[in-house]
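Work through three short exercises on this structure. Try each task before reading its solution.

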Amino acid sequence: MTQITQVTRARGVASVTFSDETVLRVPSAVYFDFRVRAGDQIDREAYEKLIAGHAYPYALDRAAKLLGARDYTQKEIVQRLKAAAYDEATVARVMAALDAHQFVSDERYAQHYVERKSVRYGRMRLYQELQRKGVSEQTAKEALAALPKDDELNAARKQAKKLVQRGRCTDAPSRQKALAALARRGFS
């Protein structure tokens with residue numbers, strides 16, 4: 001038996017501190033079903049098993065709520081669940097369920113992302129952002145291949161016009177800055 005010295009809650013996670021100074025991070029949704037308070041004497045290992053055994057439906061619900069708001073990549077869902085203190089086994093189980101029902105798809109995410117963002121950004125920036133979000137190199141390249149070259153050129157022209165309208169292209173140094181701004185947006 002171990003004594004609980006402190007329980008704090010912040011950002012959807014309850015941190016349970018034990019007398020041996022170990023800290024157990026518990027998703028708040030699960031914690032509310034199995035509350036403990038400072039001063040309680042409990043078997044830490046049994047409490048951890050209890051939490052792990054009941055976490056799956058809460059983690060699945062959290063993932064469903066995330067996906068109900070917008071598309072996410074698999075990497076983003078995993079990161080969100082881990083940030084909410086769900087253990088590896090629970091996260092893996094949730095991801096398997098999401099994959100089985102095709103609720104999360106990096107291919108679909110990449111296609112939608114390219115469609116939405118191609119009006120403001122060039123191929124290089126889109127590719128980098130997809131990589132940062134956890135989309136595989138092959139999937140990112142396939143999504144970008146579906147983007148017509150003319151669309152990228154039109155987007156670059158549109159962004160250049162915005163820079164000109166702001167009065168940034170009056171002399172050679174300001175033109176260089178405008179070109180650098182276009183390059184930062186991923187246009188070749």
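## Exercise 1: A helix pair

**Task.** Describe how helix H4 (residues 74-83) and helix H5 (residues 88-100) pack, then sort the residues of their contact by character.

**Solution.**

Step 1. Take the geometry. In this predicted model, H4 and H5 pack at an angle of about 145 degrees, and their axes are 10 Å apart. Two packed helices are described by exactly these quantities, the angle between the axes and the distance between them.

Step 2. Assign the hand. H4 and H5 make a right-handed crossing.

Step 3. List the contact. H4 contributes Gln74, Ile77, Val78, Leu81 and Lys82. H5 contributes Glu88, Val91, Val94, Met95, Leu98 and Asp99.

Step 4. Sort the residues. The contact of H4 with H5 holds 7 nonpolar, 1 polar and 3 charged residues.

## Exercise 2: The sheet

**Task.** Give the strand order of the sheet, name its edge strands, and state which helix packs on the sheet.

**Solution.**

Step 1. Write the order. The 4 strands run S3-S2-S1-S4 in an open sheet, with antiparallel pairing.

Step 2. Find the edges. S3 and strand S4 (41-42) each pair on one side only, which makes them the edge strands.

Step 3. Add the helix. Helix H2 (residues 44-54) packs on the sheet and touches S1, S2, S3 and S4. The direction of H2 makes about 20 degrees with that of S3.

Step 4. Look closer at one pair. S2 and S3 pair in the antiparallel sense over 5 bridges. Ala14 stands opposite Val26 in S3. Ser15 stands opposite Arg25 in S3.

## Exercise 3: Positive phi in the loops

**Task.** For Arg11 and Glu21, give the phi angle and the loop. Is each residue buried or exposed?

**Solution.**

Step 1. Recall the background. Most residues other than glycine have a negative phi.

Step 2. Check Arg11. The phi of Arg11 is near 50 degrees, a positive value in a non-glycine residue. Arg11 lies in the loop between strand S1 (2-10) and strand S2 (13-18).

Step 3. Judge its exposure. The cut-off for exposed is over 50% relative accessible area. Arg11 has 83% relative accessibility, so Arg11 counts as exposed.

Step 4. Check Glu21. Glu21 is not a glycine either, yet its phi is positive, about 70 degrees. Glu21 lies in the loop between S2 and strand S3 (23-27). The hairpin of S2 and S3 has 4 residues between the strands.

Step 5. Apply the cut-off again. Glu21 has a relative accessible area of 70%, so Glu21 is exposed.

Definitions and conventions: Residues are numbered from 1 along each chain as its sequence is written. This is a predicted model: local features need pLDDT of at least 70, side-chain atom pairs count only at pLDDT 80 or more; totals for chains, interfaces and linings use all residues. Side-chain values use heavy atoms; hydrogens and water are left out. Helices (H or I, at least four residues) and strands (E, at least two) are DSSP runs, numbered from the N terminus. Buried means under 20% relative accessible area, exposed over 50%, partly exposed in between (1.4 Å probe, protein chains only). Two strands pair if DSSP finds at least two bridges between them. Contact means heavy atoms within 4.5 Å. Axes are lines fitted to C-alpha atoms, for helices over the stretch in contact, and angles run from 0 to 180 degrees between N-to-C directions. A crossing is left-handed if the near helix is turned anticlockwise from the far one by less than a right angle, and right-handed if clockwise. Ala, Val, Leu, Ile, Met, Phe, Trp, Tyr, Cys and Pro count as nonpolar, Asp, Glu, Lys and Arg as charged, and the others, Gly among them, as polar.
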